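Here are a few exercises to work through with the model open on your screen. Try each one before you read the solution.

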Amino acid sequence: MIIPFASITGTETTIPDAVRIRHLVITNLSYKTGGDDSASLGSALKMLTKYKFLAGSFTGGLIFEKDQGEKFFSPGTMSPDFISANIAYTGKGLVRRVILGDYSVRFGQGLNLNTGISTGLSLTSQGYMSATNEIKPYTSTDENIFFRGIATQLAIKNADISLFCSRNNIDATIGTENGNSGDYIGSFYKSGSHNTLSLLQKRDAVSESVYGINLSYNFRIISIGIAWSENRFSLPAMPDYNTPEKIFSFRGRTNNVASFYYTSLIKKILLFGEVSANDIKKHAIVQGMSFRPSDRLIINFQYWKYAPGYTSFHGKGPGGSSGSYSEQSLLGNFTFEAARHLFIRGGCYIQHFPWLKYRCSSPSTGVKRELGFKYMPGEKLVFDWLYSYRYSMADNSTTAGIPALKKTISRSLKMVSRYSVYNNLTLGTRIDYKIIDPSGSKGVQLLQDISFRPENVPVTFWLRYCIFRTDDWDSRIYSWENDLLYTYSIPAMYGKGSRFYIMAGWKISGKAELRFKYGVLSESETTGLITDTEEFRLQLKIFI
Amino acid sequence: MKQLSSLLKISVSLIFLFLQMTASGGIPYGIQAGAGEAGMGYACVVKEGFWSSFHNQALLPFNNTAQFAVNYENRFGIKELGTSTAGAIIPVGKASVGAVYSHFGYTDFKRDIAGLACGVKLSEKIAAGVQIDYFTERTSGEYNTHRFVSFEAGLIAMPADNIRVGCHLFNPLPNSLRKNNQPVSLSVGAGIDLSNILFAGAEAEMSSGSNLTLRTGFEYEAVKNLRLRAGFSTRNNSFCFGTGYEIGFVTMDLGFTTHDRLGVTSSVSFIFKIK
């Protein structure tokens, strides 16, 4: 709750005459069987290398990436499919930060500018306020959301000023109107995969220029800020207006967005919000509250609305990308320590979509509810139960004409227990059960985790065996998996089958770490045959 | 002759159908043995005992004396569906080794399973075990004999003196290695000695392609050396009960498991302690 008001600074230390330079290199290699598609331009191997150096107040980074099926070198160039680099200066005086190269930006609640990764909303999170304003070197591998240029952050007493300017090539589908190629942007392409000729044509098809400014000031009990940004594309965006879903989509070359945001702590109530509007006077609002009436109870509310026609290409407010589609939502939750070692949490998230969206040919609504219990009788034993309810709407493709909306209710129960036998040995068991109405399809999963670190050997092992059975895709079950450092894996299990993985992490003399993961997904076909999809991942991290 | 061949195919198909309908909900292709375990609905992934040690090999080192045993399961009262099993366990220091053999079937269809197992106490709180299995299925007529090798393994942890949690994995080899379509099975459970005379256990089991099965059961020593058992398994809504009596070096157990459509399966086993 107080994180936005807290600043952590290091103690003053004597700067050595010669600044020590430290280097961090991470290389990932991933391969999955069955990924050798003949239509792909390159190999099924996925490669990622990240390099970062730290030298006093200066840092720098370089990223190379090749996705599955892509060629390592882009045709016609000698550069990898994705390359990103930056150099940054971080200071303590007037100039707090200067970045040259690729960077990301976040201001306020993110309605106007937020190029970070969205992890989705957890209904039982202990708070929803966005973290502090920042510009920072880009370290992710999304190939389209970042800025490329120069950015600076200045601070004068309680005031903070950020300026940035970017010009980057982004992916898009280019359309023709009068027979000439490259007339307009039909749609933006965001997946970053360029493994076929048609996808390669979308690569860096449009130039995007973005510049903006953010001013913020900390008063005694309130912090306020304003942000402005402008996007300019080299070609006009002309979405297909014959598709009703796209009537409110952005049209033109230029998009201006201005926003005002605030954060205030009044006794035990934390208030935060942002209001934003673009140059066609369409607006977006976020208002949140976090209330802590006692040490054992936290209550949160958050409301947001994205009006039809509001667009922010680099914004990411709660609930998804700002302006991808119009939305009006209310979310509330609580966390309560009901008794010693017993925690109860619950949340409700109501969504209303006043206009059409993907797979919804009419205005629609959605509801999510969760209720969870966590019991920790000791430091080594945890029981966690979570009941989830989800109501959603989607087109019923079986009806003629404009599809009527099909209402689907999903109920699921997740039971997790975790027992640390010793400090170096942990057992985890999870059972999932899911049922879908009105189809009646069901999903069930049983999984066992073991993590083990042998004494006197700097190697840790993670094992999982999981068996699942679901009637269809709707009753699929997601399972978070341990993975390589700085990556994540949450595969969806559906059909009948099993999933196994083993991962080993070897810490080599405190300066390097090697991780290897081998996984197998066995799925039963309708013919009764079993097919295996194997996955190999290797990571080397060096820090010197 | 053609009619006879068709009848044979039908009878073999029915046998395969029955094989999927295990009486209590155990691993469909694993060794189902132990009248004591049957009486508790096979909720035995953490329960000490001779036959339990072949349901979870991590229980093997809890057998302190050398033993051998025989078991007969009469499934639904149909002699063609009967299973005979014999096994032996020999303690070796902190470890125990075991061997088990099971025969199912009749002239036209036979399934034999042989297993060699080893379990060891890794520490005061941890025990683990593994078993190598060899399966043979023989069918008369034009059908081939089917053989394959697989393995199963288990782990037991003891959070407290009277509580055990454990898991057991059957046939976990990837399809590319095992070259057969036999299901994989995972069992996870916990058990508690509520007193010196009362044990209760519960577990969840899932086999690939099947639904989750929940099982629970208890064993109560009503008078000295006389044990009463009962249990329930959600697969086929199976209620189970049984009894056991120990005389000197011999333990005799009886177990009964119900099936919601096919009737009752009875089991009897004798366990002999060698020293």
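**Exercise 1.** Find the residues that A:Ile467 is in contact with, leaving aside its neighbours within four places in sequence.

*Solution.* Keep in mind that you're looking at a predicted model. Start within chain A: A:Ile467 is in contact with A:Leu446 and A:Ser498. Now cross over to chain B, where the list goes on with B:Val184, B:Leu186, B:Met206, B:Ser207 and B:Ser208. Next, put A:Ile467 in its wider setting: together with A:Leu446 and B:Ile156, this residue has the most contacts inside the largest nonpolar core, which has 56 residues. Finally, look for a second core, separate from that one; it has 14 residues, including A:Ile99, A:Phe147, A:Ala151 and A:Val210. As background, nonpolar side chains in soluble globular proteins tend to be buried together.

**Exercise 2.** Work out how many residues each chain brings to the contact, and which strand of chain A gives the most.

*Solution.* Count first: 22 residues come from chain A and 23 residues from chain B. Then sort the chain A side by element: β21, β22, β23, β24, β27, β28 and β29 of chain A each supply at least two residues. The top contributor is β27(A), with four residues. Last, sort that side of chain A by residue type, and you get twelve nonpolar, seven polar and three charged. As for confidence, the predictor gives the complex an ipTM of 0.83 and a pTM of 0.84.

**Exercise 3.** Is B:Asn56 buried or exposed?

*Solution.* Locate the residue: B:Asn56 sits in the loop between α3 (52-55) and β1 (67-74) of chain B. Now count what surrounds it. The cut-off for buried is 20 or more other C-beta atoms within 10 Å. B:Asn56 has 30 within that distance, so it is buried. Who are the partners? Skipping residues up to four places away in sequence, B:Asn56 touches B:Val45, B:Gly154, B:Ile156, B:Gly166 and B:His168. One of these, B:Ile156, is already familiar from the largest nonpolar core. For a distance check, take B:Ser207: it lies 151 residues from B:Asn56 in sequence, and the two are 15 Å apart in space, C-alpha to C-alpha.

**Exercise 4.** Trace how β17(A) pairs with β16 and with β18 of chain A.

*Solution.* Begin with β16 (residues 297-306) and β17 (residues 327-339) of chain A, which pair in the antiparallel sense over ten bridges. In this pair, A:Tyr306 stands opposite A:Glu327. Move on to β18 (residues 342-353) of chain A: eleven bridges join it to β17(A), again antiparallel. Here A:Glu337 faces A:Phe343 across the pair. Now check the turn: the hairpin of β17(A) and β18(A) has two residues between the strands, and A:His341 takes a positive phi near 75 degrees.

**Exercise 5.** Does the radius of gyration of chain A agree or disagree with that of a compact globule?

*Solution.* Take the expected value: for 544 residues, a compact globule would have a radius of gyration near 24 Å. Chain A has 25 Å, so the two agree. The C-alpha trace of chain A spans about 75 × 60 × 55 Å along its principal axes. Its secondary structure is one helix and 29 strands, and 32% of its residues count as buried.

**Exercise 6.** Find where pLDDT stays under 50 in chain B.

*Solution.* Begin with the overall figures: the mean pLDDT of chain B is 86, and 89% of its residues reach 70 or more. Then go to residues 1-25 of chain B, where pLDDT stays under 50.

Notes
Residues are numbered from 1 along each chain as its sequence is written. Chains are lettered from A and ligands numbered from 1 in the order in which they are written. This is a predicted model: local features need pLDDT of at least 70, side-chain atom pairs count only at pLDDT 80 or more; totals for chains, interfaces and linings use all residues. Two residues are in contact if their C-beta atoms, placed from the backbone, lie within 7 Å. Ala, Val, Leu, Ile, Met, Phe, Trp, Tyr, Cys and Pro count as nonpolar, Asp, Glu, Lys and Arg as charged, and the others, Gly among them, as polar. A nonpolar core is a set of buried Ala, Val, Leu, Ile, Met, Phe, Trp, Tyr and Cys residues joined through C-beta atoms within 7 Å. A residue is buried if 20 or more other C-beta atoms lie within 10 Å of its own, exposed if 12 or fewer, and partly exposed in between; C-beta atoms are placed from the backbone. pLDDT is the predictor's confidence in each residue, from 0 to 100. Two strands pair if DSSP finds at least two bridges between them. The radius of gyration is taken over C-alpha atoms; the globule rule is 2.2 Å times the number of residues to the power 0.38.
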